[in-house]
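Please keep the sequence and the structure side by side while reading this report.

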Amino acid sequence: MNAILIVDKRADHYAELIAGALPQARISGFASPEDSGLAQAAAESPVWLASASYAARALARGVTVPAWLQTTSAGVEPLFAPGLPRPQRASRAVDVFGQLMAEYVLTYLLAWRRHVFIWAGAQRQEVWEGPEPGSLRGLRIVIAGAGVIGQEVASFLAPFGVCVRGVARQARPVAGFDHIYAQADLLEAAAWAEVVINVLPETPETQDVFDARFFAAMPAGGLFINAGRGTAVQDMDLVHALESGHLGAAAIDVCRTEPLPAAHPFWRAPRLWLTGHSAAPTLPVLLTPLFLDNLKRWERGEPLRGELHFERGY
């Protein structure tokens with residue numbers, strides 16, 4: 001049985017779950033990549049389970065590179081830092097965030113459509129009357145990112161009678177979507193959508209794509225939800241779209257800089273709801289089965305679920 005190194009703030013929980021499934025495994029757990037003893041454990045452990053940021057920090061210290069790294073995060077951008085040693089093989093967290101992300105999206109869709117925050121303000125002012133709520137039925141929604149997470153979000157929303165279209169690198173049929181736009185046709189997608197949900201990964205092609213032209217193309221009063229990557233959004237363009245009243249509301253879970261600096265305009269932008277990168281947390285009880293399945297695949301030399309392709313940038 002291979003030795004396993006865990007580097008994650010929930011290392012103890014992961015170690016408990018993995019030990020229950022693999023009682024013969026030699027497991028070393030660290031809650032920080034700077035913990036003493038990690039370098040020695042890395043030298044003895046060909047397999048790592050770690051958050052991408054923690055793994056990158058550990059690798060930057062010059063520890064032994066793993067034969068396989070399974071990240072506890074969907075985002076893996078820190079592993080692509082220039083000059084950083086790369087694992088022989090690596091895989092990111094997949095198939096564990098879909099429902100969590102869908103629940104987040106549904107929360108803010110309903111809050112926006114039912115005017116929850118307006119009603120909360122009316123209550124504080126002891127005002128009985130308020131705006132008439134709308135329904136999700138018939139709502140035109142574009143999900144930017146038609147991969148596994150985007151497909152699960154679309155599936156989760158289907159029972160509410162919404163019309164869902166997607167955005168992918170290339171236009172192609174994808175189950176659960178009425179239509180898929182190529183990323184080059186993003187402005188066309190914006191013009192159709194009452195709601196845009198971003199779950200795109202971070203790649204060179206997805207940076208700064210939600211800009212002033214994009215928000216201007218959306219119908220007045222629409223909702224923008226960013227649960228993908230902060231670098232996809234031109235921050236001030238979003239703020240201006242809200243301040244002008246053209247964009248109805250925005251739910252922002254991810255930002256270009258995290259934690260968000262105190263002076264950032266997002267803190268004070270009208271009708272912008274910040275949720276501190278909490279849309280789809282990594283839950284060890286959901287991630288551990290993926291790790292165990294990929295461990296078997298790695299031992300057999302098979303393709304990994306969520307395998308990284310460093311040459312492609314994701």
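The sections below take up the nonpolar cores, two helix pairs and one loop residue.

## Nonpolar cores

This is a predicted model, and its largest nonpolar core has 32 residues, of which Leu109, Ile141, Ile143, Leu157 and Ile197 touch the most other members. At least two residues of this core come from each of helix H4 (98-113), strand E6 (140-144), helix H6 (148-157), strand E7 (163-168), strand E9 (195-198), strand E10 (222-226) and strand E11 (247-252). The largest share, 8 residues, is supplied by H4.

Leaving aside residues up to four places away in sequence, Ile197 touches Val105, Ile141, Val142, Ile143, Ala144, Leu157 and Ile225. A second core, separate from the one just described, has 31 residues, and among them are Ala193, Phe210, Ala232 and Leu247.

## Helices H4 and H6

Two packed helices are described by the angle between their axes and the distance between the axes. For H4 and H6 the packing angle is about 50 degrees and the axes lie 8 Å apart, and these two helices are therefore oblique to each other. Their crossing is right-handed.

On the H4 side the contact is made by Gly98, Gln99, Met101, Ala102, Glu103, Val105, Leu106 and Leu109, while H6 contributes Ile149, Glu152, Val153, Phe156 and Leu157. Sorted by class, the residues in this contact of H4 with H6 are 9 nonpolar, 2 polar and 2 charged. Two residues of this contact, Leu109 and Leu157, are also named among the core members that touch the most others.

## Helices H1 and H10

Helix H1 (residues 11-21) packs with helix H10 (residues 284-299) at an angle of about 45 degrees, and their axes are 10 Å apart. H1 and H10 are therefore oblique to each other, and H1 passes H10 in a right-handed crossing.

His13, Tyr14, Leu17, Ile18 and Ala21 make the contact from H1, and they meet Pro284, Val285, Leu287, Thr288, Phe291 and Leu292 of H10. The contact of H1 with H10 holds 9 nonpolar and 2 polar residues, with no charged residues.

## Phe80 in a loop

Is Phe80 buried or exposed? This residue is placed in the loop between strand E4 (68-71) and strand E5 (89-91). Its relative accessible area is 19%, and since buried means under 20%, Phe80 counts as buried.

Phe80 can also be located relative to Ala52, from which it is 28 residues apart in sequence. In space, Phe80 and Ala52 are 9.8 Å apart, C-alpha to C-alpha.

Note on methods:
Residues numbered from 1 in each chain as written. Predicted model: local features only at pLDDT ≥ 70, side-chain atom pairs only at ≥ 80, totals over all residues. Heavy atoms only, no water. Core = buried A, V, L, I, M, F, W, Y, C linked by side-chain atoms within 4.5 Å. Buried < 20%, exposed > 50% of the residue type's maximum accessible area, 1.4 Å probe, protein only. Helix = DSSP H or I, 4+ residues; strand = E, 2+ residues; numbered from the N terminus. Contact = heavy atoms within 4.5 Å. Axes fitted to C-alpha atoms, helices over the stretch in contact; angles between N-to-C directions. Parallel < 35°, antiparallel > 145°, perpendicular 65-115°, else oblique. Left-handed = near helix turned anticlockwise from the far one by under 90°. Nonpolar A, V, L, I, M, F, W, Y, C, P; charged D, E, K, R; others polar.
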